Amino acid sequence: MEAHKVKLTSSEYSSLWANYIGDSMSICIFTFFLSHIEDVEIKPIVEHALSISKQHLNIISKIFEAEGIPVPRGFTSEDVNTQAPRLFEDTFYLQYIKHVTKGSLATYSAVLPNVFRQDIRHYFISCLTSTMELYDKATDLLLSKGLEVRSPYIPYQQQVEFVEKQSFLSGWLGEQRPLSGLEITHLYANIQTNKLGQSLSLAFAQSAKQKEVKEYMLRGIEITKKHIDSFSNLLKTNYLPVPMTSDEMVSESTIAPFSDKLMMYHIGLLSATGMGNYGLALSLSPRKDLAAMYVKYIAETGLYAEDGANINIKHNWMERPPQAVNRDQLTK
């Protein structure tokens, strides 16, 4: 144990703050899911996810109170209407948890090396452990129900070989090598995450109250369609299967279960996750045409996210995150 009281660092404070906001949103979403769920196998997984998010809020609240830090407002019961009709099929809930836990694992893995205080390290380690368990359960159930789409198979290598030509890096003109296993992995994964974003954007466009929020969601649908088509065409060109999911998981309801504020935050979170996914894919895709594509799509997603942030600011929906002292202002 640490011998004396140590203040939270900027990375610890901001990570806990962001974690609180995200889990307060998740509580609203999982609570709504549970108000309609019928599948007796999927329900315990959603309940488990809800329990984890509630535990996180309780722990972070106690840490902030002990530090004299105001607990964020985040999202509350005012942001969810459990009396609204079903907006998604039960199978969507399982797909949603699978993809959300993938994003959470990446986030917690990035946070952990930047926290130092023992209690905060233990908290984020517990977050990683519980999220891995939830991911494992969701994946097992998806497989058992025949709902999981495996990434494409490629032949095993028969011997060790080395790259002999610089054409290994090309992709626009001349000789074009087949996709590498890692390039296939990220194309496949980015199709799946864009399909999730597309389904959520469709559901939110149907149910949003404000016109500019509806239009923002419709714009998101068009962006995800374009990205999915690009990734799919690359797989098809290499005679590889394209992962398919169904838009039928979204119902025809136009009654909003969530506030416009929550829906805008959620799409912003998915946009940030998407840019992170593209950045990782970029770093692991030596082919120049793939690298150029990911750079283009990161910029496009970033612009979309910025426009969403402007909508949030306009409506006073964006809670100010922890930040450094404005020394310029203090010295005037």
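A residue counts as buried when its relative accessible area is under 20%. Keep that cut-off handy for these exercises on a predicted model.

**Exercise 1.** Work out whether helix α5 is largely enclosed or not by the rest of the structure.

*Solution.* Start with the extent of the helix: α5 covers residues 181–207, 27 residues in total. From first C-alpha to last, α5 reaches 40 Å, close to the expected 39 Å. Next, apply the cut-off: 21 of those 27 residues are buried, so α5 is largely enclosed by the rest of the structure.

**Exercise 2.** Zoom in on I191: is this residue buried or exposed, and which residues does I191 touch?

*Solution.* First, place I191 in helix α5. Its relative accessibility is 1%, so I191 counts as buried. Then look for neighbours beyond four places in sequence: I191 touches I228, F231, S232, L235, V242 and P243. One of these, V242, is 51 residues away along the chain, yet the two C-alpha atoms are separated by 8.3 Å.

**Exercise 3.** Describe how helices α6 and α7 pack: what are the axis distance and crossing angle?

*Solution.* Take α6 as residues 211–237 and α7 as residues 260–283. Their axes come within 11 Å and cross at roughly 25°. Angles under 35 degrees count as roughly parallel, so α6 is roughly parallel to α7. The crossing is left-handed. Now list the contact: α6 contributes V213, Y216, M217, H227 and F231, while α7 contributes D260, M263, M264, I267 and Y278. Sorting these residues gives 8 nonpolar, 1 polar and 1 charged.

Notes. Residues are numbered from 1 along each chain as its sequence is written. This is a predicted model: local features need pLDDT of at least 70, side-chain atom pairs count only at pLDDT 80 or more; totals for chains, interfaces and linings use all residues. Side-chain values use heavy atoms; hydrogens and water are left out. Helices (H or I, at least four residues) and strands (E, at least two) are DSSP runs, numbered from the N terminus. The expected span of a helix is 1.5 Å times one less than its number of residues. Buried means under 20% relative accessible area, exposed over 50%, partly exposed in between (1.4 Å probe, protein chains only). Axes are lines fitted to C-alpha atoms, for helices over the stretch in contact, and angles run from 0 to 180 degrees between N-to-C directions. Angles under 35 degrees count as roughly parallel, over 145 as roughly antiparallel, 65 to 115 as roughly perpendicular and the rest as oblique. A crossing is left-handed if the near helix is turned anticlockwise from the far one by less than a right angle, and right-handed if clockwise. Contact means heavy atoms within 4.5 Å. Ala, Val, Leu, Ile, Met, Phe, Trp, Tyr, Cys and Pro count as nonpolar, Asp, Glu, Lys and Arg as charged, and the others, Gly among them, as polar.
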